[in-house]
Every structure is written in C-alpha cells, then in structure tokens.
Amino acid sequence: MGYMMTSYENIVILTGAGISKESGLNTFRDNGGLWETHRVEEVATPEAFARDPALVHRFYNMRRQNLQTVEPNPAHDALALLEAEHKGNVIIVTQNVDNLHERAGSKNIIHMHGELLKVRCRACAMVMVTENDISDEMPCPACGFAPALRPHIVWFGEMPFQMDDIEEALLKADLFISIGTSGNVYPAAGFVQMMRQIGRGHTVEINMEPSEGVSYFHEVHHGPAGTLVPQYVDRLLKADYKA
C-alpha cells in the first residue's frame with residue numbers, strides 16, 4: 001500500500017452506503033435515484049410524508065424487513081475488532097440507517113441519519129425501537145396521540161443528528177477514515193475538509209471508486225470494503241502493538 005503506518009490515539013470513521021451495499025442492501029443511488037423503485041422525493045422528504053404517510057410507512061416497513069435478511073460483512077467485523085482492540089478511541093459516524101455495525105459488535109456509533117429500527121412520536125418526541133411494521137393509525141405508546149409515529153430517519157431537508165458530537169470528535173481525531181461514501185452528501189462530505197483545515201490529522205479514503213472529495217485525502221485505497229478494511233485494520237493494530 002506504500003504508506004508508513006503509525007499508532008493513532010483518536011480514530012473517527014465515517015461509513016456510507018457502500019459498506020452496507022456489500023452486505024446486500026440497496027442504496028438510493030443504485031438505479032438513477034431510485035430507492036427500490038421509489039423516487040427519493042416520494043419517500044424520503046418531510047413533504048412526502050405529509051402528502052402520503054401510508055406510502056412512506058410501507059416503504060420503510062419494506063426496508064425494515066429487508067434488513068433482517070442480511071448480515072454484517074468483513075468490513076463491519078473489522079471495524080468492530082478495531083474498536084475492541086485499539087489502544088485509543090474509535091468512533092464510527094455512519095450515514096447508514098441499518099444496524100449492521102451494531103450486529104458486528106461495534107458500540108461507539110453515531111447514527112447521523114437516524115436508525116431504521118426506531119420510530120419517533122411527532123407529538124411527544126419519544127423514540128422507540130421496533131422491528132415491526134408501522135402504520136400512521138398507530139397511537140404513540142407513550143402519549144397515546146394518533147396519528148403520531150414517523151420513521152426515526154433524517155430525511156432530505158432535515159438536520160442530521162448529533163452534529164455537535166461529531167464535530168467534537170473530528171476536532172480530537174488524529175486519524176479520519178472515510179469508507180464507502182460517495183462524498184456528495186453534506187454535511188458528511190465536508191468532514192474531510194474540516195480535518196484538513198484543522199491540519200493535525202491523517203485522512204484516508206477506502207471506497208470502491210474515487211469519491212467527489214478524493215483530492216482532500218492524504219491516502220486513498222480503492223476496491224471492495226470487505227477486502228480493504230480488514231487489511232487496513234490489521235495494519236493499524238500491528239502499529240498499536242509496536243507502539
């Protein structure tokens with residue numbers, strides 16, 4: 001790979017749709033902006049939910065069911081191993097709404113775009129975990145209001161979750177790794193630029209092909225995450241043992 005490996009204290013890892021795609025989950029960019037035959041505007045905006053909540057719920061029910069048919073891949077497993085074995089801190093900031101990182105064993109995860117297996121009450125803001133289908137007629141278990149429940153997903157036009165926590169982690173990071181992301185969805189696409197402006201951390205891209213922000217990375221590796229991430233984690237852990 002041609003790069004000197006050193007030991008890092010604070011590692012922040014951004015993961016995108018590419019890492020989940022290798023487990024068999026479709027991304028909304030796969031078919032010309034279609035998400036399992038639905039246009040993004042039909043199912044992933046606040047306006048879409050206001051216009052046709054039944055359609056949006058059906059779509060997310062389908063995605064929730066599909067999630068239960070796939071498994072974490074070697075890239076997810078390697079990141080869980082890194083968190084468990086690394087001498088310093090590891091935070092995963094994921095754009096993905098699936099739970100594959102958790103199922104692989106990772107614990108320190110920020111879901112900036114929400115979680116597929118959670119719903120939120122529009123009346124009292126209660127968040128609950130569910131693997132079941134949801135409909136707009138269901139009352140909120142906490143406050144009893146109906147219609148109340150919406151997917152706990154950050155839709156287009158909404159603010160991602162925990163941005164303050166993410167910025168704090170980036171300010172402390174001495175290694176930033178971006179895995180499986182196209183680099184064209186903000187604010188996540190701007191994280192590598194933030195790292196370069198801070199000027200203290202090493203930046204790495206692991207992606208199937210060059211992202212839109214590839215020029216901002218110090219180090220790039222292009223190919224399947226399931227192959228490259230375990231290799232890179234192995235090198236990081238070996239550097240830990242030598243430190």
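## Packing exercises on a predicted model

The crossing of helix 7 and helix 8 is right-handed, and the model you're working with is a predicted one. Let's work through that pair, then move on.

**Exercise 1.** Classify how helix 7 lies relative to helix 8, and say which residues make the contact.

*Solution.*
- Step 1: get the geometry. Helix 7 (residues 163-172) packs against helix 8 (residues 191-198) at about 40°, and their axes are 10 Å apart.
- Step 2: classify. Angles under 35 degrees count as roughly parallel, and those of 65 to 115 as roughly perpendicular. The angle of about 40° therefore makes helix 7 oblique to helix 8.
- Step 3: list the contact. Helix 7 brings Met 163, Ile 166, Glu 167, Leu 170 and Leu 171, while helix 8 brings Phe 191, Met 194, Met 195 and Ile 198.
- Step 4: sort by type. The contact of helix 7 with helix 8 has eight nonpolar residues, no polar ones and one charged.

**Exercise 2.** Do the same for helix 5 and helix 9: what is their relative orientation, and what is the handedness of the crossing?

*Solution.*
- Step 1: helix 5 (residues 74-85) and helix 9 (residues 225-242) pack at about 15°, with axes 7 Å apart.
- Step 2: under the 35 degrees cut-off, that makes helix 5 roughly parallel to helix 9.
- Step 3: the crossing of helix 5 and helix 9 is left-handed.
- Step 4: on the helix 5 side, the contact includes Pro 74, Ala 78, Leu 81 and Glu 85. On the helix 9 side, Gly 226, Val 229, Pro 230, Asp 240 and Tyr 241 are among the residues taking part.
- Step 5: by type, the contact of helix 5 with helix 9 divides into 13 nonpolar residues, one polar and two charged.

**Exercise 3.** Work out which strands stand at the edges of the three-stranded sheet, and what lies across strand 6 and strand 8.

*Solution.*
- Step 1: write down the order. The sheet is open, its three strands run 7-6-8, and the pairing is antiparallel.
- Step 2: read off the edges. Strand 7 (127-129) and strand 8 (149-153) each have a single partner strand, so one side of each has no neighbour in the sheet.
- Step 3: add the twist, which averages 40° from one strand to the next.
- Step 4: zoom in on one pairing. Strand 6 (residues 114-121) and strand 8 run antiparallel and are joined by four bridges. Arg 120 has Arg 150 in strand 8 as its bridge partner.
- Step 5: place the helix. Helix 4 (residues 53-67) lies across strand 6 and strand 8, running at about 140° to strand 6.

Terms used:
Residues are numbered from 1 along each chain as its sequence is written. This is a predicted model: local features need pLDDT of at least 70, side-chain atom pairs count only at pLDDT 80 or more; totals for chains, interfaces and linings use all residues. Side-chain values use heavy atoms; hydrogens and water are left out. Axes are lines fitted to C-alpha atoms, for helices over the stretch in contact, and angles run from 0 to 180 degrees between N-to-C directions. Helices (H or I, at least four residues) and strands (E, at least two) are DSSP runs, numbered from the N terminus. Angles under 35 degrees count as roughly parallel, over 145 as roughly antiparallel, 65 to 115 as roughly perpendicular and the rest as oblique. A crossing is left-handed if the near helix is turned anticlockwise from the far one by less than a right angle, and right-handed if clockwise. Contact means heavy atoms within 4.5 Å. Ala, Val, Leu, Ile, Met, Phe, Trp, Tyr, Cys and Pro count as nonpolar, Asp, Glu, Lys and Arg as charged, and the others, Gly among them, as polar. Two strands pair if DSSP finds at least two bridges between them.
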